Amino acid sequence: MLGIKTYEIADHEKAMLFRKNSFKKMLEPGRYWFIDPLNELRAEVHDCAQPKFQHKLAKFLLRTYPQLKSDHFDDYELNDSELGLCYVDGKLADVLPPGTYHVFWRQPAEVKVERLDISREYRVADNVLSLLVHSDYFRSAQAAAAMVYYAEVPDYAVGLLLVNGHKEGLLPPASYGFWRYNRNIAVKLVDLRLQSLDIGGQEMLTKDRVSLRINLSAAYKVEDAEKAAMQLADYADFLYRELQLALRETIGGKTLDELLAYKNAMNENIFRTVSAKARHYGLHLSGVGVKDIILPGEMKTILNQVVEAEKAAEANLIKRREETAATRSLHNTAKVMEGNPTILRLKELEVLERVSDRIDKITVYDGLKGLMNNLVQLPVDGKS
C-alpha cells in the first residue's frame with residue numbers, strides 16, 4: 001500500500017529506526033509496518049551475531065540516548081595507558097588498543113573486557129601470550145605481530161631487553177611477549193657459547209721485508225653479556241680487528257727466522273695483547289693459534305736451498321768427525337803394537353783369519369812351515 005513501509009527483522013538481527021536521521025527506537029526481531037507517506041523513516045539493520053557494534057555515531061547515540069545503552073549495549077572507553085582483552089563466551093577474541101572506544105551487543109553472546117594498565121607492566125602474561133602467538137585467529141589476521149613483540153631466548157643465550165632505546169635488563173632463557181603500544185621494544189640475543197674466529201689470508205711483511213700470508217684462529221666467549229652488547233656494536237667484528245692488528249704488529253717486529261723458530265712465542269704475544277682489551281668489554285679470549293704460515297713460491301725455493309745446504313754441511317761435519325776419530329784410534333793402535341811384538345803378532349793372525357775367510361782353496365808347498373814363512377815373516381830379535 002502506498003505510504004506504508006514494511007521491515008522484517010531476523011532472529012539474529014536488530015534494527016535502529018530513524019526519522020529524518022533522528023533515532024526513534026530499536027526494532028527487535030519480527031515484522032513491522034509503518035505509515036510513512038513522506039518517506040521519512042529509515043531502518044538500519046545490524047547483525048547481533050557479531051558481538052561488536054560498528055557504527056560511526058556509536059558514541060554519540062549512546063550518550064544522547066542513555067536508554068538505548070542500558071537496554072542493548074555495553075561500551076568500553078580505554079585511556080592511552082590501558083588496553084582491553086576482549087573475551088566472547090569465555091574465549092579471547094580480540095585485543096582492544098589503548099585510547100579507543102568500543103561498543104558490544106549484550107545479546108546473544110556474552111562479552112567481557114578485561115582492562116590492563118600497560119603504563120608500567122608491559123609484559124604479556126604467559127597464558128595470553130600463548131593464545132596470541134599460537135591461536136589460528138591471530139596468526140591468520142597477522143594481528144599478533146602488530147600488537148606484541150615476541151622473542152625466544154634459547155638455553156645457550158641471554159636476551160638484552162631494550163625499551164625505547166634504553167636498557168631494561170637481561171632476560172634468561174624463556175619465551176617472552178611485550179605489548180608494543182606506546183613503546184619501541186627490542187630484544188638483543190647474546191650467545192654465551194664458546195665460539196671460534198678465523199682470520200685468513202693476511203698479507204704481511206716481516207722485519208726483514210719478507211712477504212708472507214698467515215692464517216690465525218682464536219676461540220672466545222661472552223662473559224658479561226650486558227657490557228659486550230651495550231659497549232660494542234658487533235663484538236665479533238671488534239675481536240676480529242684487534243686480532244688482526246696484534247698479528248700485524250707481531251709479524252712486523254720479527255724476522256722470518258724468528259717467526260719460524262718461535263711460533264709459540266708469537267701466539268702468546270698476540271693472546272696477551274688482545275686478551276686484556278677483550279676482557280674490558282666483557283669478552284673472554286680462550287686461545288689464539290697461528291694455523292699456517294704461507295710463503296711465496298720463490299721464497300720456498302730459497303728456504304729449501306738453505307735447508308739443503310745446512311743439512312749437507314752438518315752431514316760433512318759429522319763425516320769429518322768420524323774420520324778424525326777413526327784415524328786417532330788407528331794411531332793409538334799402531335803405537336801400542338810398536339812396543340809389544342805379541343800384540344802385533346795377534347793382530348797379524350787376526351788379519352790372516354779374515355783373509356782366510358775369503359779364500360776358497362789354498363795350494364801348500366814346503367808344508368805348513370813354508371806356508372807360514374811365505375805369508376808371515378816372523379820377527380827375529382825384534383826385527384821383521
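This is a short walk through one chain, from its overall make-up to a few local details.

Bear in mind that the model is predicted. The chain has 384 residues, and 32% of them count as buried. Its secondary structure comes to 12 helices and 18 strands. Now the contacts. Take those in the chain with a separation of 6 or more. Residues 24 or more positions apart account for 65% of them.

Let's start with one histidine, His55. Where is His55? In the loop between strand E5, residues 41-47, and helix H1, residues 58-64. Its side chain has a polar contact with the side chain of Glu44, at 2.8 Å. A polar atom of the His55 side chain also lies 2.9 Å from the backbone nitrogen of Leu57. Now set aside the neighbours within four places in sequence. What does His55 touch then? Glu44, His46 and Leu61 are its contacts.

Next, the aromatic rings. A pair of aromatic rings is described by the distance of the centres and the angle of the planes. This structure holds 12 aromatic pairs. I'll show two. In one of them, Tyr76 and Phe104 meet edge-to-face, with 6.0 Å from centre to centre and 65 degrees between the planes. Tyr76 is in strand E6, residues 73-77, and Phe104 is in strand E9, residues 101-105. They are 28 residues apart, and the pair links distant parts of the chain. Buried or exposed? Tyr76 and Phe104 are both buried.

The other pair is Tyr122 with Phe178. This one is tilted: 6.2 Å between the centres, 50 degrees between the planes. Tyr122 lies in the loop between strand E10 (111-117) and helix H3 (126-134), while Phe178 is in strand E14 (residues 174-179), so the pair ties together parts that are 56 residues apart in sequence. Tyr122 has a relative accessible area of 13%, so it is buried. Phe178 has 3% relative accessibility, and therefore counts as buried.

Elsewhere, Tyr7, Tyr32 and Phe34 form one aromatic cluster. Two rings also have a charge sitting over them. The charged end of Arg42 is over the ring of Phe18, 4.7 Å from the centre of that ring. The charged end of Lys59 is over the ring of Tyr101, at 4.9 Å from its centre.

On to the helices. Take H3. Its buried residues include Val128, Leu129 and Leu132. Why do the buried residues of H3 line one face? Look down the helix axis: they fall within an arc of 100 degrees, so they share one face of the helix. The general rule helps here. An α-helix has 3.6 residues a turn, so residues three or four places apart point the same way. What does the face of H3 turned away from the buried side carry? There we find the exposed residues Asp126, Asn127 and His134.

Now H9, residues 263-280. This helix has 18 residues. From its first C-alpha to its last, H9 reaches 27 Å, close to the 26 Å expected at 1.5 Å a residue. The buried residues of H9 are Met266, Asn267, Ile270, Val274, Ser275 and Ala278. What do they pack against? Two strands and two helices: strand E17 (211-222), helix H7 (235-252), helix H8 (256-261) and strand E18 (283-294). Just after H9 comes Gly282, with a positive phi of about 80 degrees.

That brings us to backbone angles. Most residues other than glycine have a negative phi, and most peptide bonds are trans. Here are some exceptions. Lys20 has a positive phi, near 50 degrees. Lys20 sits in the loop between strand E2 (13-19) and strand E3 (22-27). Its relative accessible area is 60%, so Lys20 is exposed. Asn164 also has a positive phi, near 55 degrees. Its place is the loop between strand E12 (157-163) and strand E13 (166-171). Asn164 is at 46% relative accessibility, and so counts as partly exposed.

One peptide bond to finish. From Gln107 to Pro108 the bond is cis, with omega near 5 degrees. And where is Pro108? In the loop between E9 and E10. We have met both strands already: E9 holds Phe104 of the edge-to-face pair, and E10 comes before the loop with Tyr122.

Key
Residues are numbered from 1 along each chain as its sequence is written. This is a predicted model: local features need pLDDT of at least 70, side-chain atom pairs count only at pLDDT 80 or more; totals for chains, interfaces and linings use all residues. Side-chain values use heavy atoms; hydrogens and water are left out. Helices (H or I, at least four residues) and strands (E, at least two) are DSSP runs, numbered from the N terminus. A polar contact is a pair of N or O atoms within 3.5 Å; within protein, one must be able to donate a hydrogen and the other to accept it, and residues adjacent in sequence count only if both atoms are side-chain atoms. Contact means heavy atoms within 4.5 Å. Rings of Phe, Tyr and Trp (its six-membered ring) pair if their centres lie within 6.5 Å; planes under 30 degrees apart count as stacked, over 60 as edge-to-face and the rest as tilted. Buried means under 20% relative accessible area, exposed over 50%, partly exposed in between (1.4 Å probe, protein chains only). A charge sits over a ring if NZ of Lys or CZ of Arg is within 6 Å of the ring centre and within 35 degrees of the ring normal. The arc is that of the directions from the helix axis to the C-beta atoms. The expected span of a helix is 1.5 Å times one less than its number of residues.
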